[in-house]
Amino acid sequence: MPKRRDIVAIVLIVLPWMLLISVWHQSNVTSVLAAQKADTSNGRSDSRALKESSSLQNRDIVHVLRTEYVYSRPPPWSEILPTLHIITPTYTRPVQKAELTRLANTLLHVSNLHWIVVEDSQRRTTLVSHFLQETGLNYTHLNVLTPLNYKAKGDVRNPRVPRGTLQRNLALRWLRETFSVNYSQPGVVYFADDDNTYSLQLFEEMRSTKKVSVWPVAFVGGLRYESPKVSGQGKVYGWKTVFDPHRPFAIDMAGFAVNLGLILSKPQAYFKLRGVKGGYQESSLLKELVTLSELEPKASNCTKVLVWHTRTEKPVLVNEGKKGFTDSNVEI
């Protein structure tokens, strides 16, 4: 048998190790319990946060659904405001629909508007017909083909016959055949090409036209803008332009509007097709309607630009027509 002294020695050696192991084990258990408690707490917190987040998301979704925007186009018709008859000549080209879309998106914000779109075509095209139906605008769709001898060859324009002459004249004829001289509803006629950019303010400015109103146009004649010259008394007395400033009305097509009653009362007033020099197209119409002193300057006495000759860049389509590329039946 081992001696008592040996037993005591063994106990003294083993006991500290047992105590150490016991303390270490207890410490691990405590850590695990603390971690589980923390996880439980965090789980509750995460669950609560998740529920709150989900609740917020649900509230956001409900909020969006409740405030869903229903686009009303065009604005409601007013019995008080004069009607704006916007005449737009157009012709088939790759960017035609893009430019008509941009213009339509502007016109959709204008009250009491009637859009007269005239195609330079033998017949009204499917593209333009469908496009106009989808806009929701009040419109009239016309067409007249410009004879080949008056058309530009390739990219070369014939300066003697500006584009859109026959188309604008057809729209004027339609107005005169549709409304009598004694037509009581006030209106204004404006020639808005599809390659320009228009401020909404412009349409409200022209609405009060009594005879012929005028304003500046940007990016024409090689200048930042061209403009009528207006005296301190608010009278037009000349033109800020470089190209032939002595023209009777040295103004761009986008720079004036005419009262509908004046158009109806002057049946001889049309854009001249023959015998008119380049740049005199506007003068050929306006000299039949008004004198220089009768012009009504708008846009803060012609100090603000509200219309721009922006013109869409001609697209580069050198890869079209190659096998395997875009489908020519897809409308652009």
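Ala, Val, Leu, Ile, Met, Phe, Trp, Tyr, Cys and Pro count here as nonpolar, Asp, Glu, Lys and Arg as charged, and the others, Gly among them, as polar. The legends below describe a predicted model.

**Figure 1. Lining of the second largest cavity.** Pro74, Pro75, Trp77, Val110, Ser111, Asn112, Leu113, Leu137 and Asn138 line this cavity. By class, six of these residues are nonpolar, three are polar and none is charged. The space enclosed is about 30 Å³. Two cavities of 30 Å³ or more are counted in the model.

**Figure 2. Lining of the largest cavity.** The largest cavity holds about 50 Å³ of space. Its lining consists of Trp215, Val217, Glu226, Ser227, Pro228, Trp239, Lys240, Ala250, Ile251 and Asp252. Strands S8 (225-230) and S9 are the elements that give two or more residues to this lining. S8 supplies the largest share, three residues. Six nonpolar, one polar and three charged residues make up the lining.

**Figure 3. The second largest pocket.** This pocket has a volume of about 290 Å³. Its lining is formed by Pro94, Leu127, Pro315, Leu317, Glu320, Thr326, Asp327, Ser328, Val330, Glu331 and Ile332. Of these, six are nonpolar, two polar and three charged.

**Figure 4. The largest nonpolar core.** The core contains 33 residues, and Phe191, Val212, Phe256 and Leu289 have the most contacts inside it. Two or more residues each come from strands S2 (113-119), S4 (187-191), S6 (212-214), S9 (236-240) and S10 (256-259), and from helices H4 (165-178), H6 (260-265) and H7 (281-286). A second, separate core has 30 residues, including Leu84, Leu108, Phe131 and Val188. In soluble globular proteins, nonpolar side chains tend to be buried together.

**Figure 5. Surroundings of Leu289.** Leaving aside residues up to four places away in sequence, Leu289 touches Val258, Leu262, Ile263, Lys266 and Ala269. Leu289 is among the residues with the most contacts inside the largest nonpolar core.

**Figure 6. Helix H4 and its cover.** Buried residues of H4 are Thr165, Gln167, Arg168, Asn169, Leu170, Ala171, Leu172, Leu175 and Arg176. The elements that cover them include strands S1 (83-90), S2, S3 (138-143) and S4, together with helices H6 and H7. H4 has 14 residues, and at 1.5 Å a residue the helix should span 20 Å; the C-alpha atoms at its ends lie 20 Å apart, so the expected and modelled spans agree. H4 also gives two or more residues to the largest nonpolar core.

Terms used
Residues are numbered from 1 along each chain as its sequence is written. This is a predicted model: local features need pLDDT of at least 70, side-chain atom pairs count only at pLDDT 80 or more; totals for chains, interfaces and linings use all residues. Side-chain values use heavy atoms; hydrogens and water are left out. On a 1 Å grid over the protein atoms alone, a cavity is a set of points where a 1.4 Å probe fits but cannot get out, and a pocket is an open set with protein on both sides within 12 Å along at least five of seven lines; lining residues have an atom within 4 Å of a point. Grid points are joined across faces, edges and corners, and a volume is the space filled by probe spheres set on the points. A nonpolar core is a set of buried Ala, Val, Leu, Ile, Met, Phe, Trp, Tyr and Cys residues joined through side-chain atoms within 4.5 Å. Buried means under 20% relative accessible area, exposed over 50%, partly exposed in between (1.4 Å probe, protein chains only). Helices (H or I, at least four residues) and strands (E, at least two) are DSSP runs, numbered from the N terminus. Contact means heavy atoms within 4.5 Å. The expected span of a helix is 1.5 Å times one less than its number of residues.
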